[in-house]
Amino acid sequence: MGSGLFAAGAPVRIRKLMPPGHVRAPAYIRGKHGTVERVIAPFKNPEQLAYGLPAAEQMLYRVRFSATELWGDQAENPRDFIEAEVYAHWIEPQDPTHAT
Amino acid sequence: MNIKKNGHRWHDMGGQDAGAVPQNQHDFSLWEKRVDALMIVASSKGYFTVDGLRRSLEDMGEYAFENMSYYERWIASINQNLIESGTYTLEELGAKMAQVQKRGETYGEANLG
Amino acid sequence: MPHDHHDHLSPSGHPYRADDDTPLSYWQTMEIAVRELLVEKNVTTPEEINAQIDKMDARSPAIGAAVVARAWVDPDFKQRLLKDGSAASLEMGFDVGPMHLIAVENTQDTHNIIVCTLCSCYPRNLLGLPPDWYKSRAYRSRTVKEPRKVLSEFGVTLGENVTVRVHDSTADMRYVVLPARPKDTDGLSEAELASLVTRDSMIGTGVARNPST
């Protein structure tokens, strides 16, 4: 795999899916908009490894979210950021109409 | 409840309300270190994955999180994964645990090592 | 009554909990049984388990502190550390394992703090085993949403003009904070500098000690 679908700086959205089971995309970022902080590397998909299954490699990204995107008015300080690692299959391009 | 109506699972804690961060600290006892070592050794040899450890910890649910210590949950999860990978059977485990229990009333007495 | 490893002291210098003398619990029974079954099945040996315990006992925040102090005195090393934490640590002989290490730098404008909201991922090869609070519901729940309140509980107060970067260790990376070098430390040796680097300063819940305190 090369650098994957998204480049550093790309605006992205975390898919808002709620399946049960071993998921490594925390719920608080699902459906939220952020930007790719860095492209890390491909890793075996933990959502398959967790069940003892052969796992395909998935590109892993670090995605940066603003505190206000995640928490709205409850954010402590609008300048703060939260960054999390997210696998490619949880990421989709941002809707171009989304105002960042 | 392990899964809320919207599918949000108990272990996925980010952003939830909670009290002050507890500052009390304990030193790990030998049996806890042995659990940690079993995890590292068995997973590094491919008997299960750290992802499998986490999956089982999650599936054990919130009650286990609140009522068992960290390494109690770990040995339960390690065992679950070793059973699933066929490393030993439940019958073998049950017989061995009964044998261990007969050795004495304390960990020191029951441990042969 | 057999007391195995009774003379063992923990890395903090305190004795281990006296679990040898308390009634054998179900889960302790399971630990002994699983360990013996794995030996019988030739998965491992008692020696291998003991060696792994010794390896873990040898890991403490002193390893991370040595890396931080090197970064403070060697700007080129610092750049390499920020670019690839695993490779830079390995230069100093510290193998942080198969997980990739990301080092994040505290500056006048930015304060970094590490959490794992889904479990309790921790850079154990660099800092040893995590403190109990790192694994607590309160720390895992609140740090991503109210890091400043959490920090204040640790005695760290940040100005409004400082950006907080919270790192949620959700997958295969492990994080270490490169704390800001304290003022008035120009004349200190690398070893003296390392003694100022606390565990919490490398998690982001503290700052490096001032040499005068």
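**Figure 1. Chain B, a chain of helices.** Of the 113 residues in chain B of this predicted model, 55% count as buried. The chain has five helices and zero strands, so reading from the N terminus you just get α-α-α-α-α. Its C-alpha trace spans about 45 × 35 × 25 Å along the principal axes. About 5000 Å² of chain B is exposed, with carbon and sulfur atoms supplying 52% of that. As for how the chain folds back on itself, take the contacts between residues at least 6 apart in sequence: 57% of them join residues at least 24 apart.

**Figure 2. A salt bridge inside chain B, from B:Arg55 to B:Glu84.** Here the two side chains meet with N and O 2.6 Å apart. The partners come from distant parts of the chain: B:Arg55 is in helix H2 (residues 50-67) and B:Glu84 is in helix H3 (residues 70-84), 29 residues apart. Is each end of this pair buried or partly exposed? B:Arg55 has a relative accessible area of 6%, so it counts as buried, being under the 20% limit. B:Glu84, at 43%, falls between the 20% and 50% limits and therefore counts as partly exposed. Keep B:Arg55 in mind, as the residue turns up again where chain B touches chain A.

**Figure 3. Where chain B touches chain A.** This contact takes 14 residues of chain B and 15 residues of chain A. Together the two chains bury about 1100 Å², 54% of it on carbon and sulfur atoms. Which three residues supply the most of the area that chain B buries here? They are B:Asp12, B:Asp51 and B:Arg55, with 37% of it. On the polar side of things, there are five residue pairs in polar contact across this interface. The side of chain B that touches chain A is made up of one nonpolar, seven polar and six charged residues.

**Figure 4. The salt bridge between chain B and chain A.** The count between these two chains is one. The partners are A:Arg30 and B:Asp12, whose closest N and O atoms are 3.7 Å apart. B:Asp12 is also one of the three residues that lead the area chain B buries against chain A.

**Figure 5. Chain C, helices plus strands.** Chain C has ten helices and four strands. Running from the N terminus, the order is α-α-α-α-α-β-β-α-α-α-β-β-α-α. Of its 213 residues, 56% are buried. The accessible surface comes to about 9000 Å², and 52% of that belongs to carbon and sulfur atoms. Among contacts with a separation of 6 or more, 63% are between residues 24 or more positions apart.

**Figure 6. Where chain C touches chain B.** Chain C brings 65 residues to this contact and chain B brings 64. They bury about 6100 Å² between them, and 62% of that is on carbon and sulfur atoms. The interface also holds 22 residue pairs in polar contact. On the chain C side, helices H1 (26-40), H2 (46-57), H7 (137-142) and H8 (147-153) each supply at least two residues. Which element gives the most? That would be H1 of chain C, with 14 residues. Sorted by class, this side of chain C has 31 nonpolar, 13 polar and 21 charged residues.

**Figure 7. Two of the salt bridges between chain C and chain B.** The count across this interface is nine salt bridges. One of them joins C:Arg124 to B:Asp36, with the closest N and O atoms 2.6 Å apart. Another pairs C:Asp57 with B:Lys33, at 2.0 Å from N to O. That second pair crosses from helix H2 of chain C to helix H1 (residues 30-44) of chain B. B:Lys33 has a relative accessibility of 6%, which means the residue counts as buried, under the 20% limit.

**Figure 8. More salt bridges, within chain C and in a network.** Over all chains the count comes to 31. Within chain C, the side chains of C:Glu146 and C:Lys149 meet at 3.4 Å, N to O. C:Lys149 is at 45% relative accessible area, so this lysine counts as partly exposed, between the 20% and 50% limits. Elsewhere, salt bridges link A:Glu37, A:Arg38, A:Arg62, A:Arg64, A:Glu83 and C:Arg165 in a network.

Terms used. Residues are numbered from 1 along each chain as its sequence is written. Chains are lettered from A and ligands numbered from 1 in the order in which they are written. This is a predicted model: local features need pLDDT of at least 70, side-chain atom pairs count only at pLDDT 80 or more; totals for chains, interfaces and linings use all residues. Side-chain values use heavy atoms; hydrogens and water are left out. Contact means heavy atoms within 4.5 Å. Buried area is the accessible area (1.4 Å probe) that two parts lose on being put together, summed over both. A salt bridge is a side-chain nitrogen of Lys or Arg within 4 Å of a carboxyl oxygen of Asp or Glu. A polar contact is a pair of N or O atoms within 3.5 Å; within protein, one must be able to donate a hydrogen and the other to accept it, and residues adjacent in sequence count only if both atoms are side-chain atoms. Ala, Val, Leu, Ile, Met, Phe, Trp, Tyr, Cys and Pro count as nonpolar, Asp, Glu, Lys and Arg as charged, and the others, Gly among them, as polar. Buried means under 20% relative accessible area, exposed over 50%, partly exposed in between (1.4 Å probe, protein chains only). Accessible areas come from the Shrake-Rupley method with a 1.4 Å probe; for residues, only the protein chains shown count as cover.
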